[in-house]
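Reader: Could you take me through one part of this model up close? I'd like a connected account, not a list.

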Amino acid sequence: MMNYEPGPPAPQRAPATPAVRAENLTVTRGSRTVLRSLDFTVPPGQITGLLGPSGCGKSTLMRTIVGTQAKVTGTLEVLGHPAGAAPLRSRIGYVTQAPSVYDDLTVRQNLDYFAAILDPGRTAAERRHANVARAIADVDLTSHADALAGNLSGGQRNRVSLAVALLGTPELLVLDEPTVGLDPVLRRDLWTLFHTIAAERGATLLVSSHVMDEAERCHRLLLMREGQLLADDTPDALRTRTGAETVEAAFLHLVDEATAANTHEKETTR
């Protein structure tokens, strides 16, 4: 398993309105409850990691935050608005697990297309060109700018999707497992970019992963299992609370605690 050096400390700012606030957030799919009464906040201007095993509800939670998930109950505010509200459309960048690019267009053409949607009009052409060039450089694809997206590797296509999300300098970036399929050098470089976006642009990032060592790169963590939150805290606080040396060990400790509590509850209700 790769070991990351801890990321830079969270920027010190005066208390501010959370970028995301959830109370009793629940999502059902048919007869199954996918998210179970979640209460959490995502602080602004920081990187919050959403971590847990595959199938625990991370992608469902991200879809809920960006306003594309059905059958949602409870309270969910994003950048001061109800999730999915029209004013949020230009303020959030969202990267799904599957690359959202057109294979028959080049990298630059893909970004030109989405930039024109975000910032239409002839007078905006120069601004769009600058934004496209910046986004391509951010994800280190300048040398592939004129390559067809369909000819790129899976990791490169993921980075094109990330570049699209970076157009327009969004206030909130929601990234669903953005480092899957990337080699260690690119993973490191992307995490460096994430910290730059938070520190220099003041953006909030919510980054999901099932790789526990990536937790060490986050300012704050939401640890999930089976649709429930096991913890909402900083990596240091989680290690201290559980007496563990790593976030992965802390997560396993919390899983064991939750399992024991559930077993005890079932036994006492028999």
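Author: Sure. Two strands count as paired if DSSP finds at least two bridges between them. Keep in mind that this is a predicted model. With that, let's start at strand β1 (residues 20-29), which is joined to strand β4 (residues 72-78) by six bridges, the two running antiparallel. If you want a spot to click on, Glu 23 sits opposite Thr 75 in β4.

From β4 the pairing carries on to strand β5 (residues 81-82), again antiparallel, this time over two bridges. Glu 77 has Pro 82 in β5 as its bridge partner. The β4 and β5 hairpin leaves two residues between its strands, and there Leu 79 adopts a positive phi near 50°.

Now for the helix. Thr 64 belongs to α1 (residues 58-66), and it counts as buried because its relative accessibility is just 3%, against a cut-off of under 20%. What is Thr 64 in contact with, leaving aside its neighbours within four places in sequence? The partners are Leu 25, Val 27, Leu 35, Gln 69, Val 72, Leu 76 and Ala 83.

Last, the cysteines. There are zero disulfides in the structure. Take Cys 56: the closest cysteine sulfur is in Cys 218, 14 Å away, so that is too far for a bond; a disulfide would need the sulfur atoms within 2.5 Å. Cys 218 is likewise in no disulfide, with the sulfur of Cys 56 as its nearest. As for exposure, Cys 56 is buried, at a relative accessible area of 3%, and Cys 218 counts as buried at 7% relative accessibility.

How values were computed: Residues numbered from 1 in each chain as written. Predicted model: local features only at pLDDT ≥ 70, side-chain atom pairs only at ≥ 80, totals over all residues. Heavy atoms only, no water. Helix = DSSP H or I, 4+ residues; strand = E, 2+ residues; numbered from the N terminus. Buried < 20%, exposed > 50% of the residue type's maximum accessible area, 1.4 Å probe, protein only. Contact = heavy atoms within 4.5 Å.
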